[in-house]
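User: Could you take a close look at one helix-on-helix contact for me, and then work outwards from there? I'd like one connected walk-through rather than a list.

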Amino acid sequence: MIDQAAKLREMMRAKHKDEVEKNHNKKARVLAISSGKGGVGKTNFAINFSISLRRLGYDVVILDADIGLSNIEIISGVSLNSSLSDIVFANKDIFEIMGNGPEGVKIISGGSGLKELKLLDGDNFNKLIGEIEKLQAATDFIVIDTGAGISKSVINFVMTADEVIIICTPDPTSLMDSYTLIKSLVYTGFTGKINIVSNLVSNRNEGRDIFNKLHNTVENFLRVQIEYFGYIERNRLIRNAVINQVPFIISHPKDPNAKRINIMAMNYLDAKFSPLEKGRTSFAKRILDIFVKRGD
Ligand SMILES: Nc1ncnc2c1ncn2[C@@H]1O[C@H](COP(=O)(O)OP(=O)(O)OP(=O)(O)O)[C@@H](O)[C@H]1O
Ligand SMILES: [Mg+2]
């Protein structure tokens, strides 16, 4: 029997392929992956979700915005020699600083060089804007792997995105910290869609439970809507995949968690999307704002 998810994927691929081919001048949809608490599975989700989008026929660039240890490099086994700041300091273009991740997913390191970028003059500022605009026109999705918590840097990165996925676990502190992150985003003026993924759960009900608790609190106290995006069970395979630096969707494509990620990717593509550009500065300018004006 043909695997139903595979059949569905094939249909989706055919449906979207035409659109992708028609679309010479793209405008990437920007998605931030974030969390209140660290170590909850953001990077793991970002890489596997990006591969899933890629398999559906899209161009995906992951922007590794985690300042400090480059998470994506560790999880995907790719090593990046350049970062955004090399556009200015090594005179490279955006395509030269991209690393080749698994299955054609591209990776850009954005985290390092923040301090130097603060010193940009007008010409260099415009050059960087131009390169980021090129990036947005050349890819379908930009997935930003942010750090954890409510530091200014994390909030600023999420604020550049059209939508956010917040990863939450059954740990009560994770629930609390997710709420705090949502509150900070709302207070900072984030108006994009807020999606929740429950990770490290034992079953579907536990995944839903986490969302319901968060949903009730957010609705009562913040009066904004959040959406349930899906769940991923705690699984030894994922732990091993991280240790082996091979994303689990590649090493175990038939694992139920891999199928869940594929379904989330398909739902994401199908969900109504309205970019938040009206009356808003461009993604390129928003990113540069972080580096240049408030890059701490
Ligand atoms: N569903 C899962 N099942 C088992 N282990 C998992 C699962 N999700 C994540 N992990 C484990 O949790 C660890 C942290 O995951 P990951 O690095 O993706 O988290 P993170 O939120 O990006 O962390 P940080 O905040 O440090 O960037 C991984 O090394 C992996 O071992
Ligand atoms: Mg990470």
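Analyst: Let's begin with α8 and α9, which lie oblique to each other, because their axes cross at an angle that is neither roughly parallel nor roughly perpendicular. Keep in mind that this is a predicted model. In figures, the axes of α8 and α9 come within 10 Å and cross at roughly 40°. An angle under 35 degrees would have counted as roughly parallel, so 40° puts this pair of helices in the oblique class. As for the hand, α8 and α9 make a right-handed crossing. On the α8 side, the contact is made by Leu175, Ser178, Tyr179, Ile182, Lys183 and Val186, and α9 answers with Ile210, Lys213, Leu214, Thr217, Val218 and Leu222. Sort those residues by class and you get eight nonpolar, two polar and two charged.

Now stay with α8 and look at its other partner here, α7. Helix α7 covers residues 152-159 and helix α8 covers residues 172-188; their axes come within 10 Å and cross at roughly 60°. Here too the crossing is right-handed. The residues that meet are Ile155, Val158 and Met159 from α7, with Ser184, Leu185 and Thr188 from α8. That contact of α7 with α8 has four nonpolar residues, two polar ones and no charged ones.

Go back to α9 and follow the chain out of its C-terminal end. Helix α9 spans 204-222, and Arg223 sits in the loop that leads from α9 to β8 (227-233). The backbone at Arg223 is worth a click: phi is positive, about 55°, although Arg223 is not a glycine. Is Arg223 buried or exposed? Arg223 counts as exposed, because just 8 C-beta neighbours fall inside 10 Å, and the cut-off for exposed is 12 or fewer.

A similar spot turns up further along, at Gln245 in the loop between α10 and α11 (248-251). Phi of Gln245 is near 60°, again a positive value in a residue other than glycine. Gln245 has 13 C-beta neighbours inside 10 Å, so Gln245 counts as partly exposed.

Next, hop to strand β7, where you'll find Leu200. Leu200 has 22 other C-beta atoms within 10 Å, which means that Leu200 is buried; the cut-off for that label is 20 or more. Its C-alpha atom is separated by 5.0 Å from that of Glu233, although Leu200 and Glu233 are 33 residues apart along the chain. Leaving aside residues up to four places away in sequence, Leu200 touches Gly41, Thr169, Pro170 and Arg234.

Gly41 is a handy link, as it leads us to the ligand. There are 19 residues around ligand 1, and those that come nearest are Gly38, Gly41, Lys42, Thr43 and Asn44. Three elements give two or more residues to this shell: α2, β7 (193-201) and α10 (236-244). By class, the shell around ligand 1 has six nonpolar, nine polar and four charged residues.

Since α2 is part of that shell, let's see what else α2 does. Helix α2 (residues 42-55) packs on helix α12 (residues 256-270), with axes that come within 9 Å and cross at roughly 60°. α2 and α12 therefore count as oblique to each other. The crossing is right-handed. Asn48, Phe49, Ser52 and Leu53 in α2 meet Ile261, Asn262, Met264 and Ala265 in α12. Five of the residues in this contact are nonpolar, three are polar and none is charged.

One more stop is Leu80, in the loop between α3 (71-76) and α4 (86-89). Leu80 is partly exposed, because 18 other C-beta atoms lie within 10 Å. From Leu80 to Gly99 is 5.7 Å in space, C-alpha to C-alpha, for a gap of 19 residues in sequence.

Zoom out to finish: the protein has 13 helices and eight strands. Of its 296 residues, 45% are buried. And among contacts between residues at least 6 apart in sequence, 80% join residues at least 24 apart.

Note on methods. Residues are numbered from 1 along each chain as its sequence is written. Chains are lettered from A and ligands numbered from 1 in the order in which they are written. This is a predicted model: local features need pLDDT of at least 70, side-chain atom pairs count only at pLDDT 80 or more; totals for chains, interfaces and linings use all residues. Axes are lines fitted to C-alpha atoms, for helices over the stretch in contact, and angles run from 0 to 180 degrees between N-to-C directions. Helices (H or I, at least four residues) and strands (E, at least two) are DSSP runs, numbered from the N terminus. Angles under 35 degrees count as roughly parallel, over 145 as roughly antiparallel, 65 to 115 as roughly perpendicular and the rest as oblique. A crossing is left-handed if the near helix is turned anticlockwise from the far one by less than a right angle, and right-handed if clockwise. Two residues are in contact if their C-beta atoms, placed from the backbone, lie within 7 Å. Ala, Val, Leu, Ile, Met, Phe, Trp, Tyr, Cys and Pro count as nonpolar, Asp, Glu, Lys and Arg as charged, and the others, Gly among them, as polar. A residue is near a molecule or strand if its C-beta atom, placed from the backbone, lies within 6 Å of it.
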